[in-house]
Amino acid sequence: MDRCIPVVVIKELSETDKILSALKNYGIMCAEITFRTACAAEAIEYAAKNYPDMNIGAGTVINAEQCEAALKAGAKFIVSPGLSVAVANICKEKGVPYYPGCVTPTEIMQALELGITIVKFFPANVYGGLKAMKALAGPFPQIKFIPTGGVDRNNIDEFMAWDKIFAVGGSFFVKEALENMEA
């Protein structure tokens, strides 16, 4: 499960151990902790310190302030729902991977101008899924995708089979890991 990026929403810091332990036990050594909650930076810092063998990143990063907070907390990668030039510049300066959300040719061209060749395709189900990504790969053969949104157990194999998929993101990984732990 090395090409899986679980989208992790931590509402209370006390949930961090349970979720990350479940992911590890499930064979997933990565977590994109979203900046959707008040304790996001604190959860990232805790995760980076207590799970050093995991690739801990920050998701839903929409501005420079959040990016700086995430990196200060120890995030090893940054994911955004869209493309932020400010976030891209900070990540480039600090040598941290940045995966911006890009679903149109214009957004992909902007990412390429910023030196980015791996983009989040979100929400994948709304913007045409694999069919749309394959169409975009024509004019942009150097791009790899991280589809998120609408990816689940029913269609993950179809996504993973394509060589332009860098990884697959989704919150369903957390649900599966927690269910597996309880079984």
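This report describes the cores, cysteines, helices, strands and loops of a predicted model.

## The nonpolar cores

The largest nonpolar core of the model has 60 residues, and the residues with the most contacts inside this core are L23, I78 and F145. Helix α6, which covers residues 129-137, supplies the largest share of this core, namely 5 residues. A second core, separate from the largest one, has 8 residues, among them I5, V79, Y99 and A167. As a general background to such clusters, nonpolar side chains in soluble globular proteins tend to be buried together.

To see what contact in the largest core looks like for one residue, L23 can be followed. Leaving aside residues up to four places away in sequence, L23 touches P6, V8, I28, C30, A31, M54, F173, V174 and A177.

## Helix α8 and its two kinds of residue

Helix α8 runs over residues 172-182, and F172, F173, V174, E176 and A177 in this helix are buried. The buried residues of α8 pack against two strands, β1 (4-8) and β8 (168-170), and against two helices, α1 (16-25) and α7.

K175 also lies in helix α8, but K175 counts as exposed because its relative accessibility is 54%, and the cut-off for exposed is over 50%. Although K175 and A22 are 153 residues apart in sequence, their C-alpha atoms are 9.4 Å apart in space.

## Strands β2 and β3

Strand β2, made of residues 30-34, pairs with β3 in the parallel sense, and the pairing extends over 5 bridges. Within this pair, I33 stands opposite A58 of β3. Between the two strands the chain passes through helix α2, residues 40-50, and this β-α-β crossover from β2 to β3 is right-handed. Strand β3 is mostly covered, since 4 of its 5 residues are buried.

## Cysteines without disulfides

The structure holds 0 disulfides, and the distances between sulfur atoms help to show why for two of the cysteines. For C39, the closest cysteine sulfur belongs to C30 and is 18 Å away, which is too far for a bond. For C67, the nearest cysteine sulfur is that of C91 at 3.8 Å, and C67 is in no disulfide, because a disulfide requires two cysteine sulfur atoms within 2.5 Å.

C39 and C67 can also be described by their accessibility. C39 has 9% relative accessibility and therefore counts as buried, the cut-off being under 20%. C67, at 0% relative accessibility, counts as buried as well.

## Details in the loops

Three loops hold residues that deserve a careful look. In the loop between β3 (55-59) and α3 (64-73) is T60, whose phi is near 55°, a positive value in a residue other than glycine. In the loop between β6 (118-121) and α6 is P123, and the peptide bond leading from F122 to P123 is cis, with omega near -15°.

The loop between β7 (144-147) and α7 (156-160) contains N155. Although N155 is found in a loop, N155 counts as buried because its relative accessibility is 18%, and buried means under 20%. The side chain of N155 reaches the backbone nitrogen of D152 at 2.8 Å.

Notes. Residues numbered from 1 in each chain as written. Predicted model: local features only at pLDDT ≥ 70, side-chain atom pairs only at ≥ 80, totals over all residues. Heavy atoms only, no water. Core = buried A, V, L, I, M, F, W, Y, C linked by side-chain atoms within 4.5 Å. Buried < 20%, exposed > 50% of the residue type's maximum accessible area, 1.4 Å probe, protein only. Contact = heavy atoms within 4.5 Å. Polar contact = N/O pair within 3.5 Å; in protein donor to acceptor, adjacent residues only side chain to side chain. Pairing = 2+ DSSP bridges. Right-handed = clockwise from strand over helix to strand, strands pointing away.
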